[in-house]
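Colleague: I'd like to go through this assembly with you, chain by chain and contact by contact. Can you walk me through it?

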Amino acid sequence: MFAVELARGMWTTLKSMFEEPVTYQYPEVKRPVRPRFKGRHVLARYKNGLERCIGCALCAAACPASAIFVEASENIDRRRFSPGERYASTYEINLLRCIFCGFCEDACPTEAIVLEHNYEMSFTSRRDAIYTKERLIVPVPPGGDPTPMIVPPGSFDRAIPEMEDPD
Amino acid sequence: MAEHILLRHRDIPDIHELDVYLSNGGFDALKLVVQKKTPQDVIDIVRESGLRGRGGAGFPAGVKWGFLPQGVFPRYVVANADESEPGTFKDREIMERNPFQFLEGVAICSYAAQAKLAYIYCRGEFWDLAHELESHIAELRKEKLLGRKLFGKDFSLDIRVHLGAGAYICGEETALLESMEGKLGQPRLRPPFPAAEGLYGQPTVVNNVETLTNVPPIINRGANWYNSIGTKESTGPKVFSLSGNVERPGNYELPLGTTFRKLIFEHGGGIPNGRSIKAILPAGASAPILPATKKVLDTGMDYESLRKIGSDLGSGSVIVVDDSVNIAWLAQKITSFFKHESCGKCTPCREGTYWMSRIFENLENGKATSEDIDLLDSVAQSIVGKCLCALGDFAAAQVVSDIARFRSDFDARAKDGK
Amino acid sequence: MSQALVSLTIDGVEVTVPVGTKIVDAAKQAGIEIPVFCYHPKLESVGMCRQCLVEIGRPKIDRSTRKIVRDKNGDPVIEFGPKLETSCTTPVGEGWVVLVNSERAIEGRRQVIELILTSHPLDCPICDKGGECPLQNMTMAHGPGKSRFLYEDKMHLAKHVPLGDLIFLDRERCIQCARCIRFQTEIVDDPVIAFSERGRKLEIVTLSEPGFASYFSGNTTDICPVGALTTADFRFGARPWELNATASICPHCAVGCNTMLNTRREARSQGRVVIKRVMPRQNEAVNEIWLCDKGRFAHHFASSEERLARPVIKLKRRGRLTATTWENAVKFVVEGLQAAHGAVLGIAGGRASNEDLYALHRLMDGLGGRAVLHDQMAGGEFVQQAGVGPGTNLADLGSGDCILVVASDLHEEAPIWWLRVKQAAERGAKLIVANARPTRLDAHATHILRYDYGVAAHMILGMLHEINHQKELDQYASAETKKVAKVVSKANNVVVFYGSEGLDYAASHDLAQNCATLLAASGHVGRANNGLVAVWTHSNTQGAWDMGVHPEPGGLAAALKGQKAAYVVAADPAGDEPLLTSLLEQVDFLIVQGLFLTETALAADVVLPAQSFVERDGTYTNGMRRVQRFFPAIAPNEGMRADWEILSAVAAAMGIDSARPSAAAVMQDIAAKNRDYSEVNYPALSRNASQWPHVGGKDIYFGGTAHPNHQGLGVQLTPRVERQKDISFDWAAPRKIAHKPRYLMVPITKLYDRGTTVVQSQVLGPRLEILRLYVNPEDAERLGMIDEGEVEVQWDGRKQRLRSVIDEHVPSGAVLVPRSLGVPLATAVDVKIRPIAL
């Protein structure tokens, strides 16, 4: 009786040795995420390089954890960051506070803030946990220009809800 | 009609010359009132005559003069010669051809109102006419028919001509006063009415050119003679400006209450090119359109009868529309006129005329559906009755009536139209 | 005043209001909200926006009998008009029935808001008004969820139109309500903005050069019902919901406007909490809901980088200031004061709070010294005796009343008083303006009196003669003073504002005394809306007088004679008068307490960093003797202390008094010692009453974004004549004017000077006055001067080169120079003028 049980158990063990493992060898191997996974935020740009964020601070208002701090400034054509008059001169997310609820994404009128798929966030200090605009913003897409950019007067002078992806 | 009362130059061609006017009884009425009558007498005569404002609203002139508050001076009289209604050209003819009867009317009105200064507010495009009026006024001054102590009595009067700057809205009496004061031509809130607080905050009588031109014959021949002309409530003669698809357009002086049929077919010679009549705009752009049914054609042109059939007499500018015209096209023209002329003071008119005009453009360019026509109707409905002055209401009422009475014309222009 | 009342029914609520009340206001009083855009309770109604449409039913009147038609039950038959009517333009009528929330009225208003929104860009996310925007609120409450207007059809207009240096216009957001235009025209008589064009192109333009030249421009951003007008200072500064609000009192002039400091943490200030904007706080008896641009924009000094942050001491003869701890600094101060053996002089500025001044007075008293005020204007004691009584409100003055303004340019010195005096004159109050030169207020005056600089007091004597008929005064009476005196004695209520333009201490003392005597002689003291008001140069000068700190009649130089130590609080005598520098340096031990390293501080042995009014609490007493409290809005830098706190610590260390724990405790001391302040304590200062019109909060669209007052209206002190019946007033013996100087150089006050509290606000930079010498054309010709030419002026052995401007408003024999722009001139002096050849 006992031997039978033992053999059955050993068989299970043996069988699993030849099965594919369900674990990932993180960090060598990274686990894929679902399309709607909410990871670390990024600040998106339009194709031409202009920042989508217009500094409206609705994300900060929506944030249930008060993790976001935005300070806006005024765009001028010789120093343009985003379409329209306003841009975020300071944008900080305290990732120690963030609960990844995605309300900021919902609140954003320009789809500037996106919870991307990056889940690798580890910090060694509280200071490092505050992601500044420089760390959040995506690189300039190919063919685009870095911000601030000099634009002809009268172009890109409207933000909401005019600004589709400009050419 | 045998005799012209207002368009007297048609009987006496040279009446625009002062000596001719004088030799035909000119300024007898002024002399009579200044020497023999009190201002109140004049107001009473005009009230009894039943003379109603010919500018559009049809308000009894005598009643209006009687509203002047006691003991507040100075007072002003302003003749509204800002004749800008599309299809209206009666005041112009009077001022060009029979100017002294008009000026005498201004003087009598000033006497009744006890004003020492009267103004004639001419529309900006009448600059040459304004110059002519000024030289006529200079003649009157020379002949001591204007100036200090007229006819040896304690009545002094001067008349000045003020030229507008080309805004339709300045035909509205309070906007006119604003414009005269050098301000932006926007209507004032009423009350207070100009009779109480008008030009520079003083009691002011504002009357149309034609209204004032009616005054000397009333004084000369009496109120009873006058109110025997026309209908019971709309008394006297009226100059109808006939235009549009008609054989003989022009000004016709007829008693109030004359039927459309008589004006258009008898006097105007009917519709040219063998076309048939489709609709009538009885008051230029400012009153709802009327389909030319038998009932309409047989309606007398007076204030009451037209209100009964859902329109207005206005300034009596009858525009005839024949069956070649699409009413939606007509409505678009009118709306774009009102959009251009809206003063911008109140929201419904400023925004509403712009919105309607945009929908009309889409309709014209074949972009609009019948839903857009519903939208147009709904926008127009939302303007009606909410504006500060009449302009917005006119614009919207026009569109509402056009759609209600000629919907098929609109549908014909819609993308999905039948 | 009993007013006829009218009763009507609004949405089933019976309301009784005075005749002439607009329906919209009557509804508000009954708690029924009617949305408005163009209507503002402080402005004449125009009925432009058509947002306030309601149904109005009137009792049917029989035409023949002129009697109200009644139904079977005897109730009046109510007839409703065919159209909706604007409730903002329609005054109430007896027995009317108003339907605000009927289906037809709601639908009408929904249609209007849809029309308004057709032109609006809906860029709320980037709009500064977003979050406190009447249009936004109204759209949420009454508007359609979705626009039927095609988005592509929206007008595209300029979004960045500077109307001036301070105000920006967004033409797309503007809904053409004309609140701003009407405010500028009706309320402040600066018609510098107007509509241009017509129809959908109707737009706001500025007519002045420089643009939007008005001292009140900031108020238009408060009453703008959309985000069309924004200030250069706050533009994109923060979202309204992110701001904290702290009640405060404007520190810039003697009016004492109630303000609200909106603060927020700011990244570009290294994460410190800073003032983002200053908003008016409603106090209908002081500033209503307005604030002048200086009060609104000149707040940056408080967050200046140049603020002193640590106590510094200078060891004798070494001449270098070294930072130290508070403990050491206080020890050092105590030693220095002890060494003076009572030969100590406290010098305070009129910007210090009552608590500071009391603490200084107490300390000096304990040391055997005394405290003086660094100021040139006198007369505080007369204001204490004959000041305006409790319940005074300039808004109550009108027909039958009289206001006398003497030796002051209110528009420059106290703009909100100018505004309210002007409005009283418009309501029919007789306004007598007496000054040596024409001022802005002359335009609203019923009587204008001119006198030679320096003899303002004589002119009041002339008026007094008409009332007391004393022989000695014969020589001062003239036909004009006679006429004016009649006006004063006949008036129901009289308020006298006196200033110090062209007057030294003695002359302003005489002026104040004579004004008080005139008021007393004509029976206009000791009750509300009657009395004497001093147009002080600082926010708390009256408080200083009340705390027993007043100017030395002979000036600071005289007061400093023989002193071994001096303790300067909230003043910069050396900066104002360089000649005092050496005198201050001669004092063995000089303590300076302040915000900045001023000229005086540079000469000091100890410099103690004080907290500014935004970092602490305290009270100011305004020129009408209303004590008002301000609250800490910003956490101070650790190194800074409140003035009273430092003084109290020093007093404690010297065994004079125990240290006080709070400003409130100091106020309790004041109340115990000072009979005038016996009713004053912090809870009393925080008392409130409901005020009309409603502003802020839920009603944002009604009165604008000015803040409601939940923090206290302050306490108006009772003048002594109301309590002490034995006070008598007598006129001051007229001084002989020794000689008529050839040219008298007179310092005049301009709102935007270059004082330390103003220059720190860069936003005001373009508006600051430029130093010029203003000369009468005849004098200029006699002297051979040209416009914008250079001249050299000499006085008291001093020389300065100035640019001159020829101005016909300058009285002959006088030359004017604005204060605080570089000419150290406290009072009028004789000068020699020499044009410099080019």
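Colleague: Before anything else, which pair of chains that touch has the most contacts?

Modeller: Keep in mind that this is a predicted model. Chain A and chain B do not touch, and their nearest C-alpha atoms sit 20 Å apart. Two pairs of chains do touch, and of these the most contacts are between chains B and C.

Colleague: Staying with that pair, which helix of chain C gives the largest share of the side that touches chain B?

Modeller: On this interface, 25 residues of chain C are in contact with 23 residues of chain B. By class, the chain C side has eleven nonpolar, eight polar and six charged residues. The largest share is six residues, and it comes from helix α2 (residues 103-118) of chain C.

Colleague: Now the other interface. Which element gives the most to the side of chain A that touches chain C?

Modeller: Here 17 residues of chain A are in contact with twelve residues of chain C. The elements of chain A that give two or more residues to that side are α2 (58-62), β2 (68-74) and β3 (86-94). That side divides into nine nonpolar, three polar and five charged residues. With four residues, the element that gives the most is β2(A).

Colleague: Let's look at that strand, then. Which residue is the bridge partner of A:I68?

Modeller: Five of the seven residues of β2(A) are buried, so the strand is largely enclosed by the rest of the structure. β2(A) and β3(A) run antiparallel, joined by seven bridges. Within β3(A), the bridge partner of A:I68 is A:I93.

Colleague: And chain A as a whole: what is its radius of gyration?

Modeller: Its secondary structure comes to four helices and five strands, in the order α-β-α-β-β-α-β-β-α along the sequence. The C-alpha atoms fill a box of roughly 90 × 35 × 30 Å along the principal axes. For 167 residues the globule rule gives 15 Å, and chain A is well over that, so it is more spread out than a compact globule, with a radius of gyration of 23 Å.

Colleague: What percentage of the residues of chain A count as buried?

Modeller: To count as buried, a residue needs 20 or more other C-beta atoms within 10 Å of its own. As for the contacts in chain A between residues at least 6 apart in sequence, 77% join residues at least 24 apart. Of the 167 residues in the chain, the share that counts as buried is 28%.

Colleague: Over to chain B. How many residues of domain 3 are in the contact with domain 1?

Modeller: Chain B is divided into domain 1 (8-227), domain 2 (237-322) and domain 3 (327-413). The centres of domain 1 and domain 3 of chain B are 35 Å apart, taken over C-alpha atoms. On the domain 1 side of their contact there are six nonpolar, two polar and one charged residues. Domain 1 of chain B gives nine residues to the contact, and domain 3 of chain B gives eight.

Colleague: Which strands do the buried residues of α8(B) pack against?

Modeller: Eight of the eight residues of helix α8 (residues 173-180) of chain B are buried, so the helix is largely enclosed by the rest of the structure. Among them are B:L176, B:L177 and B:M180, along with the charged B:E173 and B:E178. After the helix comes B:G182, whose phi is positive, near 90°. The buried residues pack against β1 (76-81), β2 (117-122), β3 (158-163) and β4 (204-208) of chain B.

Colleague: How far apart in space are B:A404 and B:P203?

Modeller: B:A404 has its place in helix α18 (residues 390-413) of chain B. There are 13 other C-beta atoms within 10 Å of B:A404, which is therefore partly exposed. B:A404 and B:P203 are 201 residues apart in sequence, and C-alpha to C-alpha their separation in space is 42 Å.

Colleague: Last one, on chain C: how many residues of domain 4 are in contact with domain 3?

Modeller: Chain C is divided into domain 1 (5-101), domain 2 (151-303), domain 3 (380-537) and domain 4 (744-835). Between the centres of domain 3 and domain 4 of chain C there are 27 Å, taken over C-alpha atoms. The domain 3 side of the contact has four nonpolar, three polar and six charged residues. The 13 residues of domain 3 of chain C are in contact with residues of domain 4 of chain C that number twelve.

Technical notes
Residues are numbered from 1 along each chain as its sequence is written. Chains are lettered from A and ligands numbered from 1 in the order in which they are written. This is a predicted model: local features need pLDDT of at least 70, side-chain atom pairs count only at pLDDT 80 or more; totals for chains, interfaces and linings use all residues. Two residues are in contact if their C-beta atoms, placed from the backbone, lie within 7 Å. Domain bounds come from an automatic or database domain assignment. The radius of gyration is taken over C-alpha atoms; the globule rule is 2.2 Å times the number of residues to the power 0.38. A residue is buried if 20 or more other C-beta atoms lie within 10 Å of its own, exposed if 12 or fewer, and partly exposed in between; C-beta atoms are placed from the backbone. Two strands pair if DSSP finds at least two bridges between them.
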